[in-house]
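Here are a few friendly notes to read alongside the structure. Take them one at a time, and keep the 3D view open while you do.

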Amino acid sequence: LKKIGVLTSGGDAPGMNAAIRAVVRKAIYHNIEVYGIRYGYQGLMEGNIKKMDLGSVGDIIHRGGTILATARSQEFKTEEGQQRAIEQLNKWGIEGLVVIGGDGSFRGAQKLTSRGFPCIGVPGTIDNDIPGTDFTIGFDTSLNTVLEAIDKVRDTATSHERTYIIETMGRNAGDLALWAGLAGGAESIIIPEVDEEFSNIIHRLERSRERGKRHSIIVLAEGVGNAFEFSERIKKETGIETRVTVLGYIQRGGSPTAQDRVLASRLGARAVELLIENKSDRMVGIRNNEIVDNDIDDILSGKHHLNKGMYNLSKELSI
Ligand code: ADP
């Protein structure tokens with residue numbers, strides 16, 4: 001193996017830079033040339049490629065976002081687009097590709113491997129919604145951002161005796177809301193994986209008011225629905241006024257936490273090892289603090305499971 005490529009695709013996540021750095025440094029350590037592909041698959045088709053050296057990934061380990069930039073590409077979803085990508089890879093003499101991104105990006109990688117081009121996936125998304133890994137790169141940083149927001153909202157919630165609803169990202173996964181809600185001591189955590197009766201949520205709210213609780217925080221995952229509509233519904237059915245904070249894109253930014261940097265370094269390096277071992281169509285991940293790899297086809301047909309025990313615990317602790 002002489003030349004590999006690396007790209008980031010789909011939504012950005014803090015820690016992607018640490019993963020790029022690990023891929024570049026690990027490859028160079030093994031005397032393999034590394035080519036950075038800008039703007040994900042879009043840049044790949046267009047040949048937006050440049051050789052990376054040790055210095056090109058200097059001073060990025062602590063930075064959010066991705067220095068390679070990312071994009072969503074409709075054209076790459078077509079046969080012609082994928083053919084163009086393969087032509088570019090051949091033209092540059094690249095023999096294997098590390099794809100850092102979420103499940104959509106792995107679908108793209110799957111298309112390249114089905115055309116005989118070796119790809120390894122590295123899970124990078126704040127949503128933590130990928131099977132085959134306990135954590136994705138970016139989740140921990142985002143979680144800490146959400147937690148900081150909950151703590152701040154709690155100060156004003158306590159002062160005004162109000163009920164606040166905080167809407168988190170996470171797409172169809174409730175992990176961000178669950179972890180942040182548990183860490184932040186939320187009264188209610190509402191996530192797409194659990195179909196809780198609305199009356200239960202109201203009952204909990206009223207009960208905590210009765211026992212004189214001065215503040216109430218509800219953490220709602222975006223996958224459940226819109227926090228403003230949820231607030232309206234509470235008002236309509238109980239008369240209780242709630243205030244809504246939609247955290248939005250601040251959850252995607254910021255300097256990655258130590259956890260995310262370490263995870264990204266370990267996963268990025270392992271991806272290069274797999275290419276050296278002639279493996280393809282695998283996604284690296286972490287399970288019980290061991291680095292593992294799984295078939296991308298299995299990852300894409302699998303389902304990420306929320307930790308139900310943690311959800312139940314959050315219920316027990318918020319009575
Ligand atoms: P994420 O990787 O964060 O889930 P997306 O779902 O937007 O983000 O996917 C990123 C990119 O991967 C898409 O813009 C597209 O170029 C490529 N991609 C997604 N699904 C497919 C597919 N079925 N076939 C080929 N490429 C795909």
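1. Let us begin with the sheet, keeping in mind that this is a predicted model. Seven strands make up an open sheet with mixed pairing, and their order across it is β3-β2-β1-β4-β5-β10-β11. Because β3 (49-52) and β11 (290-295) each have a single partner strand, they stand at the edges, and one side of each is left without a neighbour in the sheet. On average, neighbouring strands of this sheet are turned by 30 degrees against each other, direction ignored.

2. Next, look inside the sheet at one pair of strands. Strand β1 (residues 3-8) pairs with strand β4 (residues 96-101) in the parallel sense, and five bridges join the two. To find one of these on screen, start at G5: its bridge partner in β4 is L97.

3. Now add the helices. Helix α1 (residues 16-29) lies across β1, β2 (33-37), β3, β4 and β5 (119-123), and runs at about 180 degrees to β1. Helix α4 (residues 103-114) lies across β4, β5 and β10 (282-287); its angle to β4 is about 165 degrees.

4. Finally, turn to the ligand. Which residues come nearest to the ligand? They are G10, G102, G104, S105 and G108, out of 17 residues around it. Helix α4, which you met above lying across β4, β5 and β10, gives the largest share of this shell, with six residues. By character, the shell divides into ten polar, five charged and two nonpolar residues.

Technical notes. Residues numbered from 1 in each chain as written. Predicted model: local features only at pLDDT ≥ 70, side-chain atom pairs only at ≥ 80, totals over all residues. Pairing = 2+ DSSP bridges. Helix = DSSP H or I, 4+ residues; strand = E, 2+ residues; numbered from the N terminus. Axes fitted to C-alpha atoms, helices over the stretch in contact; angles between N-to-C directions. Contact = placed C-beta atoms within 7 Å. Near = placed C-beta within 6 Å. Nonpolar A, V, L, I, M, F, W, Y, C, P; charged D, E, K, R; others polar.
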